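Visitor: I should like to go through this model step by step, from the overall fold to single side chains. Please reason each answer out before giving the result.

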Amino acid sequence: MGDRHISPVKNFVAGGFGGACLLFTGHPLDTIKVILQTQPKASRSQDVLYTGTLDCFRKTLSREGVWGLYKGMGAPLAGVAPMMAISFFGFGLGKQLLQRDPTVPITPTHTFMAGMLAGGFTTVIVAPGERIKCLLQVQSISGQLQYSGPIDCAVKLYKQQGICSVYKGTVLTLIRDVPSTGLYYLTYESLKHLLTPEGQSVDCLGTLRILLAGGTAGMVNWAVALPPDVLKSNFQTGDL
C-alpha cells in the first residue's frame with residue numbers, strides 16, 4: 001500500500017475498484033451514521049426521531065426502501081478512484097521525503113507522518129464529496145427535498161455562495177482525516193510486518209492476514225476520526 005514502485009495507473013484502477021466495493025457495502029451504515037449524528041436533540045415535548053442504529057435502519061428502510069440507505073452515494077463514488085490514487089501517492093511521496101536512505105526501514109514516526117500527508121492530500125476531493133453526500137443523506141428528515149442528486153446539489157451550492165459553499169467543512173475534514181489517516185497507515189504497515197512470518201517478505205503476506213491488518217487499521221482510524229466527523233456532519237448540513 002503506497003509503494004512508490006507501483007504504477008500510478010494500477011493504483012488508480014485498484015484503488016477505484018476497492019473503494020467502490022467499500023462504498024457499496026458500507027454506505028448504508030454511513031447513511032445511518034450521518035442521520036443519527038445530525039438528528040435534532042430531544043426536547044420535553046418531543047422525542048428523538050431515532051433511538052439508535054437499528055431503529056434508524058428499520059425506519060429508513062420502511063419509509064424510503066433500500067435505496068434510501070444509498071442516498072448521496074454518487075458523490076463519493078465519483079471521487080473514490082482519484083481519492084485512493086491521491087492517498088497512495090501522498091503516502092508514497094511522504095515516505096520518499098522522510099526516508100533518506102531507501103535501504104533503511106522507515107520508522108513508525110515517519111510512516112505516521114507520511115500517512116498524515118496522504119490525509120491532507122485527499123481532502124481536496126473528500127471535503128466537497130462529504131458536503132454533498134451529507135446534505136443528500138439528511139434532506140428527507142427536514143421534509144425539504146432541495147436536491148435531486150449529487151450534480152444538482154453541487155450546482156445549487158455553487159450558485160448560492162460559490163466554491164466556498166461546496167467546500168464548507170474543509171477544516172473539520174482536515175482535522176478528521178489528517179491524524180486518522182496517519183494512524184491508519186501506521187497501524188496497517190505495522191501489522192503487516194508483525195503478521196509476516198520470520199524470514200519471509202511482507203509482499204508475500206496472505207490475503208486473510210492483509211484483511212486482518214486492514215480491518216484493524218480501519219477500526220483504529222474511526223476511533224480517532226469519529227468525534228470530528230460528528231462535528232463535520234453537523235456543520236456541513238447546517239444549511240437545512
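Visitor: How many helices and strands does the chain have, and which pattern does it follow along the sequence?

Guide: This is a predicted model. The chain holds 8 helices and 0 strands. Read along the sequence, its pattern is therefore written with helix symbols, as α-α-α-α-α-α-α-α.

Visitor: What radius of gyration does the chain have, and how does this value stand against the globule rule?

Guide: Along the principal axes, the C-alpha atoms fill a box of roughly 65 × 40 × 30 Å. For 240 residues the globule rule gives 18 Å, and the chain comes close to that, so it is as compact as a globular protein of that length. The radius of gyration of the chain is 19 Å.

Visitor: What span should helix α3 have, and how far apart are its end C-alpha atoms?

Guide: Helix α3 covers residues 74–98, which is 25 residues. At 1.5 Å a residue, the span should be 36 Å, and the distance between the end C-alpha atoms agrees with this: 36 Å.

Visitor: Where in α3 does a kink lie, and before which proline?

Guide: The kink in α3 is of about 45°. Its place is valine 80, shortly before proline 82.

Visitor: Is the aromatic pair of phenylalanine 91 and tyrosine 185 stacked or edge-to-face?

Guide: The structure holds 5 aromatic pairs. In the pair of phenylalanine 91 and tyrosine 185, the ring centres are 4.0 Å apart and the planes make an angle of 15°. Planes under 30 degrees apart meet the criterion, so this pair is stacked.

Visitor: Which helices does the pair of phenylalanine 91 and tyrosine 185 tie together?

Guide: The two residues are 94 residues apart in sequence. Phenylalanine 91 lies in one helix and tyrosine 185 in another, residues 170–195, so the pair ties together α3 and α7.

Visitor: Are phenylalanine 91 and tyrosine 185 buried or exposed?

Guide: Buried means under 20% relative accessible area. Phenylalanine 91 has a relative accessibility of 1%, and tyrosine 185 has a relative accessible area of 1%. Both residues therefore count as buried.

Visitor: How are the rings of tyrosine 184 and tyrosine 188 arranged, stacked or edge-to-face?

Guide: Tyrosine 184 and tyrosine 188 both lie in helix α7, 4 residues apart, about one turn of the helix. An α-helix has 3.6 residues a turn, so residues three or four places apart point the same way. With ring centres 6.0 Å apart and planes at 5°, the pair of tyrosine 184 and tyrosine 188 is stacked.

Visitor: Which residues form one aromatic cluster?

Guide: Two residues of the cluster, tyrosine 184 and tyrosine 188, are both buried. The cluster consists of Phe91, Tyr184, Tyr185 and Tyr188.

Visitor: Which element gives the largest share of the largest nonpolar core?

Guide: This core has 10 residues, among them Phe88, Ala114, Leu191 and Ala217. The elements giving two or more residues to it are α3, α4, α7 and α8. The largest share, 4 residues, comes from α7.

Visitor: Is methionine 113 buried, partly exposed or exposed?

Guide: Methionine 113 has its place in helix α4, and its C-alpha lies 6.1 Å from that of glycine 182, although the two are 69 residues apart in sequence. Its relative accessibility is 39%. The range between 20% and 50% is the intermediate class, so methionine 113 counts as partly exposed.

Definitions and conventions: Residues numbered from 1 in each chain as written. Predicted model: local features only at pLDDT ≥ 70, side-chain atom pairs only at ≥ 80, totals over all residues. Heavy atoms only, no water. Expected span 1.5 Å × (residues − 1). Bend = angle between axes of the 7 residues up to and from the residue. Phe/Tyr/Trp six-rings, centres within 6.5 Å; stacked < 30°, edge-to-face > 60°. Buried < 20%, exposed > 50% of the residue type's maximum accessible area, 1.4 Å probe, protein only. Core = buried A, V, L, I, M, F, W, Y, C linked by side-chain atoms within 4.5 Å. Rg over C-alpha atoms; globule rule 2.2 N^0.38 Å.
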